[in-house]
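Biologist: I should be grateful for a close look at one backbone position in a loop, followed by an account of its surroundings. Please explain how each assignment was reached.

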Amino acid sequence: MRFTLTDEQQMIQAMAREFAESEIRPIAAEIDREARFPHETVKRMAELGLLGIIVPEAWGGSGGDTVSYVVALEEIARACASHAVVMAVNNSLYCWPVLTYGTDEQKERFLTPFAAGHQLGCFALTEPQAGSDATNQHTLAVRDGDAYVLNGKKQFVSTGREASAALVFCQTDVAKGSHGISAFLVEKSAPGLSVSKTEDKLGIRASDTAELVFEDCRVPAAQRLGEEGQGFRIALSTLDGGRIGIAAQAVGIARAAYERSIAYARERTSFGVPIGQHQMVQWMLADMATTIDGARLLTQRAAALKDAGAPHGAAAAMAKLFAAETAMKVTTDAIQVHGGYGYIKEYDVERYFRDAKITQIYEGTSQIQKLVIARHVLGERA
Amino acid sequence: MKILVAIKQVPDTATQMKLGADGKTIDPTGITWIVSPYDEFAVEEALRIKEKRGQGEVVAVSLGPDRVKEALRSCLAMGCDRAIHLNDPAWGAADTLMTARALAAVVKQEAPQLVLCGRQAIDDDMGALPAQLGELLGWPSAYWIMEEAVDADGKTVRVARQVEGGLEVFDLPLPAIVTAQKGLNEPRYPTLKGIMGAKKKELKDVKAADVGLAAEAPQLSITALEALPPRPPGRIIQGDLPTAVKELVRSLREDAKAI
Amino acid sequence: MPNAFWCIVEDDRAGLPKKVMAEVIGEATRLSGGAEAVWLTDKASDEGLKQLGEWGATRILLVESAGLAPYRAEVWVKVLADLAAPEAPRAIFGPVTSKQRELLARLAARLGVGLSADSVAFAMAGDTLTATRPVYAGKLLSKVAWAKTPCVATLRPNVFRPAEAQPGKTATVERPQTSLGDAFMKFVERREETSTGLPELTEAETVISGGRGMKGPENYVILEDMARVIGAAVGASRAAVDAGWRPHRFQIGQTGRTISPKLYLGFGVSGAIQHLAGMRTSKVIVAVNKDPEAPIFKIADYGIVGDLFEVVPALTQEFKRLLEK
């Protein structure tokens with residue numbers, strides 16, 4: 001068993017770290033405050049190949065593996081969780097399913113420019129009435145000649161406003177329930193598709209979260225991803241990989257909070273000594289260090305399983321569950337270590353705390369991860 | 001145009017330096033090694049020249065132990081076409097002049113039109129190598145370059161070098177050596193594709209005998225390496241602003257005699 | 001003369017040696033008992049020769065030729081090598097300047113001897129010279145020895161005690177016949193920096209530095225006001241230069257200029273390692289920062305924890321009062 005990254009993975013990590021430190025970190029607080037999508041730095045991420053890491057070069061990507069993807073994503077998240085979600089959505093929720101299930105014609109048009117980061121993709125599954133219960137899809141796609149006509153509403157779509165294409169899940173056969181769900185690649189400019197609103201959020205404020213409305217939106221049948229009725233399986237397998245990304249994001253956020261806490265514990269003094277000398281602060285720091293390390297190991301293991309082509313659904317769920325819970329606990333304690341300074345916006349830990357919360361919610365809440373894990377350990381495949 | 005870039009692997013500035021047991025070297029444990037920052041300016045400039053001309057080859061060269069391969073690989077990831085690693089125990093105690101001799105031997109073999117270097121490596125801060133290489137080759141060397149432009153037919157390079165009180169602009173006939181000062185450019189990050197492609201590029205090991213050099217003794221040797229003597233403890237001047245300022249000026253005048 | 005300590009003269013391009021030569025000659029004299037000055041220039045002056053003599057040079061080798069300007073290493077290095085061959089000096093010293101850091105490196109290569117660049121101390125034990133030089137961003141000191149003579153070294157300005165001028169003391173002046181090296185480089189132009197009217201950063205005895213705490217380029221005017229009162233140069237930290245507040249030539253630190261003034265005053269400078277590398281050999285360090293935990297306080301001799309925008313004007317007034325007395 002080896003616990004070291006390959007030379008390439010280390011170089012990718014170093015590149016992502018330096019880039020994030022010098023170009024993303026300086027603007028992170030400002031874009032959070034203004035809830036401003038960082039077009040410039042997202043473009044830089046594209047130039048560096050960070051938006052299509054796992055896609056082969058032939059399809060516009062970087063030809064990297066999932067482990068490279070998670071180590072890079074952790075570095076980006078450490079600087080700014082909003083950038084991390086844009087990166088995660090494009091890589092694992094959009095490019096990966098198109099790469100895995102798309103035809104060559106679909107990849108030409110819906111993958112190459114997206115893996116290169118010239119355009120961004122998004123993933124539209126959640127509906128107002130269907131979050132955790134993703135089988136309960138109300139958006140309908142009705143076959144009409146060589147096209148489908150889409151009607152319905154998708155909610156909480158990350159990068160929904162900025163993306164130029166969406167992977168949309170619709171019911172094509174209501175009677176078949178989850179087996180009647182199909183996936184479609186829809187250009188955002190398609191007539192009948194509109195962005196009805198963008199959300200004002202607690203955290204990851206520089207990323208956009210939008211509501212997409214489909215009103216008699218005609219989508220050529222050639223843009224159906226996979227077979228009719230295969231949609232739900234596509235969604236689940238995509239989320240298996242996506243969760244590894246969110247786990248990496250959570251590790252990055254937690255690490256940022258932890259590093260700030262260490263620095264603060266060294267320099268801040270109380271009762272005549274640096275606060276890091278107080279046992280109760282040490283306790284928190286030790287817990288942070290241990291759980292972050294555990295979360296990272298789970299995350300990288302899930303990524304390595306995926307790279308090996310091995311089943312990784314449960315490993316991904318465990319990684320995401322543990323990393324998200326770790327991020328929430330670590331960022332909460334980081335504020336505690338900072339005392340009053342942790343509660344004000346001048347110090348970044350307050351932002352880490354707000355950003356951490358979403359990792360317990362999106363791409364499957366912590367409760368859903370437990371469900372996935374439980375089904376796995378009980379021998380029932382989800 | 002063929003361009004050779006001489007780089008050095010150095011400890012990251014933020015690394016804490018510990019003395020080795022022999023009192024002459026540093027303890028390498030826990031050191032993060034990087035390409036010396038000025039050398040990155042040189043690599044970047046070489047790549048820009050190649051890109052601007054639409055053709056050419058950029059060869060990264062470095063002297064040092066096995067770990068130096070990492071630094072050369074990151075140059076390949078940035079976009080250098082191939083790399084040469086001068087890796088021989090005979091160069092273990094190399095001073096600047098020995099290093100310059102080794103590089104000069106490689107330059108003679110490779111015959112580039114231009115050699116780019118950083119203004120100095122941030123480990124020993126000697127800053128002598130480019131000049132010594134120029135001297136050994138009989139080439140002009142231009143120091144602390146803020147601007148550089150190779151002419152269209154590749155015969156001369158125009159450089160602006162930083163001197164006290166201004167910039168001096170010179171035309172150098174090629175082949176020549178140009179050393180990069182901060183401000184020359186902003187080095188790129190390696191892209192993922194660059195990183196993934198680096199391992200497919202040639203990274204050649206070269207021994208002293210391969211470039212026709214015999215073992216020699218260094219002309220400058222380190223007899224001891226010491227920690228910095230601690231500065232006497234300072235004093236935070238307390239009190240309200242007018243009092244503190246008055247006390248500071250009094251101390252600078254009367255105690256420190258610095259004003 | 002055999003075993004002499006040579007001091008390569010840096011001049012002001014107008015016929016006078018720069019003040020830093022008093023330091024070089026002073027150190028060479030302490031080590032050897034008598035320093036010799038070697039002056040290559042297109043324009044010497046009697047005043048300059050007198051100055052070198054009063055600083056303690058016992059002998060001056062003067063090569064005056066129009067072809068020496070503007071400085072090109074390949075032209076100069078041949079002259080020096082030709083002079084050194086028959087003279088066999090023990091050491092060849094020069095100050096760290098844009099010219100000499102290159103010239104003496106080339107000379108050492110031509111002579112096949114070692115070079116100690118940016119030296120901050122020397123010791124003679126019997127016939128053996130050793131030099132001390134900062135390495136690893138000034139975190140460690142390296143002692144170096146030469147395998148053979150001449151020992152070539154550059155000396156960091158403002159570190160060595162300058163020779164005191166002895167009025168009336170003169171040097172013998174010789175004008176050896178030499179031929180210049182062929183010029184490779186063709187001079188195009190010199191672009192003068194817009195003068196701030198303040199001393200050059202690396203030459204100034206007092207340096208004021210503004211960091212990230214200056215908040216913007218427009219605020220440096222308060223440092224310049226103080227600089228005019230006390231005759232200081234104004235520099236900046238990397239953070240301030242990277243933010244585009246000051247041109248790079250004003251940057252103090254590892255990727256900027258190394259300075260060693262008698263007095264360094266840092267305002268809103270945190271004291272990152274990169275910055276310390278460029279100023280830690282300053283003799284007296286004053287730091288003003290509103291963050292009591294700023295690392296610069298660890299090496300400062302005097303510190304004030306406070307808002308620089310209040311401290312600077314008050315300090316300028318106080319300096320004015322003192323110096324007008």
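Modeller: C:Lys215 is partly exposed, because 14 other C-beta atoms lie within 10 Å of its own. That count falls between the limits used here, since 20 or more would make a residue buried and 12 or fewer would make it exposed. Please bear in mind that this is a predicted model. The backbone of C:Lys215 deserves attention as well: phi is positive, about 70 degrees, although the residue is not a glycine. C:Lys215 belongs to the loop that runs between β12 (206–210) and α5 (220–230) of chain C.

The chain around this loop can be described next. Chain C contains nine helices and 16 strands. Its radius of gyration is 21 Å, close to the 20 Å that the globule rule gives for 325 residues, so chain C is as compact as a globular protein of that length. Along the principal axes, the C-alpha atoms of chain C occupy a box of roughly 60 × 45 × 40 Å. Of the 325 residues in chain C, 56% are buried; C:Lys215, being partly exposed, is not one of these. If contacts in chain C are restricted to residues at least 6 apart in sequence, 66% of them join residues at least 24 apart.

A second loop of chain C has a backbone feature of another kind. C:Thr149 and C:Pro150 are joined by a cis peptide bond, with omega about 0 degrees. C:Pro150 sits in the loop between β8 (140–146) and β9 (151–155) of chain C.

Chain C also meets chain B. The contact involves 71 residues of chain B and 73 residues of chain C. On the chain B side, the elements that each supply at least two residues include α3 (96–110), α4 (129–137), β7 (141–150) and β12 (220–227). The largest share of that side, ten residues, is provided by α6(B). By residue class, the side of chain B that touches chain C divides into 41 nonpolar, 15 polar and 15 charged residues.

Strand pairing also links the two chains. β9(B) and strand β11 (residues 186–192) of chain C run antiparallel and are joined by six bridges. Within this region, B:Gly166 stands opposite C:Glu192 in β11(C). The loop between β9 (166–173) and β10 (176–180) of chain B holds B:Pro175. The peptide bond between B:Leu174 and B:Pro175 is cis, with omega about 5 degrees.

For chain A, two loop positions may be set beside C:Lys215. A:Ile204, which is not a glycine, has a positive phi near 30 degrees. Its place is the loop between β6 (193–198) and β7 (209–220) of chain A. A:Ile204 counts as buried because it has 29 C-beta neighbours inside 10 Å, whereas C:Lys215 has 14 such atoms and is partly exposed. A:Gly272 counts as exposed because it has 6 C-beta neighbours inside 10 Å. A:Gly272 is found in the loop between β9 (269–270) and β10 (273–274) of chain A. The C-alpha atoms of A:Gly272 and A:Asn90 are separated by 50 Å, and these residues are 182 residues apart along the chain.

Terms used:
Residues are numbered from 1 along each chain as its sequence is written. Chains are lettered from A and ligands numbered from 1 in the order in which they are written. This is a predicted model: local features need pLDDT of at least 70, side-chain atom pairs count only at pLDDT 80 or more; totals for chains, interfaces and linings use all residues. Helices (H or I, at least four residues) and strands (E, at least two) are DSSP runs, numbered from the N terminus. The radius of gyration is taken over C-alpha atoms; the globule rule is 2.2 Å times the number of residues to the power 0.38. Two residues are in contact if their C-beta atoms, placed from the backbone, lie within 7 Å. Ala, Val, Leu, Ile, Met, Phe, Trp, Tyr, Cys and Pro count as nonpolar, Asp, Glu, Lys and Arg as charged, and the others, Gly among them, as polar. Two strands pair if DSSP finds at least two bridges between them.
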